[in-house]
Amino acid sequence: MKSGWWVTVVWIAMLAVAMPIGWFYSSDAIEGSAHLTVPEGASTFASYRVDDVEGFSLSGEFSSSTDSPVELMILDEGEYLKFLANSSYVAEFRAVAISGEFSVDKPSMETCHIVVRHGAGLIVPQEVEVSYTISAVNPVGMLSAYGFAFGGGLLIVYDGWKRHKKHEEIVRESKPLDVIFFDSESR
Amino acid sequence: MGETRVGLIPYATTIMRTGQLETCAILVSDRRTILAFDSRRPLGPRAAFKEFFRKEPDPASEAPQPVDFRTVDLDVLAVMNDNISVQHSAIEKLEYKKGLSGYSLFIESRNLEGKKEIVLATIAAPSDLVKKQKSEGVPAKEAKRQYALKAQELFKRAMPSVVAHKARWVE
């Protein structure tokens with residue numbers, strides 16, 4: 001590797017840059033939880049705001065403290081405002097259960113609201129535990145990491161190819177250039 | 001009666017031996033065609049990757065042992081360095097045609113066990129020859145064509161008449 005020492009150095013440097021980027025953007029996950037209380041009343045609700053979910057996926061679990069189901073919805077900012085205004089809205093996720101899981105993968109959603117209200121029939125106060133995880137996978141960061149690693153690989157291939165060409169040159173010099181017709185020579 | 005060397009195509013490429021691009025010389029006698037590989041080192045991304053991690057030998061061993069194609073024993077050449085040899089009497093189909101990457105040679109033959117064997121190589125003029133002819137006023141395209149046509153002439157001279165007659169040649 002004498003002639004390719006600089007390639008080795010550059011490759012290691014590229015990997016050194018790529019690895020922390022890859023680690024930072026792929027292994028990091030933000031976790032959180034909320035204790036929500038849905039007040040007494042048929043049309044009451046409780047909500048919890050989660051910021052900076054753009055480009056990430058949101059998943060988690062919920063469970064009610066009573067044996068009665070709750071309705072859990074995940075709304076983006078615009079739909080949440082519609083919900084507050086009592087106009088028609090579309091939830092990213094909706095479930096009615098005593099406990100369950102939720103998952104939303106919406107890169108364009110910057111802020112989301114986890115809304116909990118009573119399930120059918122129950123109008124007494126209801127406690128709901130919600131825990132969530134924002135999986136922080138940033139495609140730009142991941143691509144940068146892969147780019148650095150791939151670039152290093154390309155550099156190695158280029159260096160090997162250059163050395164091979166040098167070898168080929170030596171081979172070529174030892175051979176005639178053009179097609180040769182031998183005069184009738186017998187072995 | 002001895003075997004007669006008809007000619008030599010000093011530069012051709014093929015992927016036959018390892019599945020990767022390699023250069024070879026083609027020695028043609030009146031009885032057989034031998035693809036003589038320049039080295040055991042193929043050219044391609046995978047090979048280039050391996051090449052990087054190969055411990056660099058000293059320049060003396062890096063230089064290949066030159067083969068004198070006029071004097072080398074043909075039986076030795078046929079088996080050395082994993083070279084490929086095709087007996088002309090066993091050829092069933094021969095095509096020499098112009099493709100996208102140059103002029104290609106396709107030979108289909110049967111070996112002693114009756115198994116079908118195929119040889120596929122591209123006859124591409126070496127860049128040094130093209131440069132040299134260009135400096136003499138011959139366009140690169142014409143230089144490559146002349147090289148390929150000389151190679152074709154060589155095969156026409158060397159092949160048995162029954163093979164040459166059935167073969168497909170470049171006009």
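Which residue in E8(A) is the bridge partner of Ala29(A)? The answer takes us into a sheet of chain A, and it should be read with the reminder that the model shown above is a predicted one. In strand E8 of chain A, the residue that partners Ala29(A) is Ser135(A). This bridge belongs to a longer pairing, since E1(A) and strand E8 of chain A, which covers residues 126-135, run antiparallel to each other over 10 bridges. Strands of a sheet are held to one another through backbone hydrogen bonds, and they may do this in a parallel or an antiparallel manner.

The sheet as a whole is an open one of four strands in chain A, arranged in the order E1-E8-E3-E6 with antiparallel pairing. At its edges lie strand E1 (29-38) and strand E6 (99-105) of chain A, each of which pairs on one side only. If direction is ignored, neighbouring strands of this sheet are turned against each other by 15 degrees on average.

It helps to place this sheet within the whole of chain A, whose secondary structure consists of three helices and nine strands. Followed along the sequence, these elements appear in the pattern α-β-β-β-β-α-β-β-β-β-α-β. Chain A has 187 residues, and 38% of them count as buried. When one considers contacts in chain A between residues at least 6 apart in sequence, 82% of these contacts join residues at least 24 apart. The accessible surface of chain A amounts to about 10,300 Å², and carbon and sulfur atoms account for 60% of that surface.

We can now turn from the backbone to the charged side chains. Side chains of opposite charge can pair when their charged atoms come close. Over all chains, a search of the whole structure finds 14 salt bridges. One of them joins the side chains of Arg94(A) and Glu71(A), with a distance of 2.8 Å from N to O. Because Arg94(A) lies in strand E5 (residues 93-97) and Glu71(A) in strand E4 (residues 70-76) of chain A, this pair ties together parts that are 23 residues apart in sequence. The two partners are not equally covered: Arg94(A), at 44% relative accessibility, counts as partly exposed, whereas Glu71(A), at 11%, counts as buried.

In chain B, a salt bridge links Lys93(B) with Glu95(B), and here the closest N and O atoms are 3.8 Å apart. Lys93(B) has a relative accessible area of 36% and is partly exposed, while Glu95(B), with a relative accessible area of 14%, is buried.

Another salt bridge of chain B joins Glu142(B) and Arg145(B), whose closest N and O atoms are 3.4 Å apart. Both residues lie in helix H5 of chain B, which covers residues 140-158, and they are three residues apart, about one turn of the helix. An α-helix has 3.6 residues a turn, so residues three or four places apart point the same way. Glu142(B) is partly exposed, with a relative accessible area of 26%, and Arg145(B), at 34% relative accessibility, is partly exposed as well.

The helix that carries this pair also allows a simple check of its length. At 1.5 Å a residue, the 19 residues of H5(B) should span 27 Å, and this agrees with the model, because the end C-alpha atoms of H5(B) are 27 Å apart. Some residues of H5(B) are buried, among them Ala143(B), Tyr147(B), Leu154(B) and Phe155(B).

Conventions:
Residues are numbered from 1 along each chain as its sequence is written. Chains are lettered from A and ligands numbered from 1 in the order in which they are written. This is a predicted model: local features need pLDDT of at least 70, side-chain atom pairs count only at pLDDT 80 or more; totals for chains, interfaces and linings use all residues. Side-chain values use heavy atoms; hydrogens and water are left out. Helices (H or I, at least four residues) and strands (E, at least two) are DSSP runs, numbered from the N terminus. Buried means under 20% relative accessible area, exposed over 50%, partly exposed in between (1.4 Å probe, protein chains only). Contact means heavy atoms within 4.5 Å. Accessible areas come from the Shrake-Rupley method with a 1.4 Å probe; for residues, only the protein chains shown count as cover. Two strands pair if DSSP finds at least two bridges between them. Axes are lines fitted to C-alpha atoms, for helices over the stretch in contact, and angles run from 0 to 180 degrees between N-to-C directions. A salt bridge is a side-chain nitrogen of Lys or Arg within 4 Å of a carboxyl oxygen of Asp or Glu. The expected span of a helix is 1.5 Å times one less than its number of residues.
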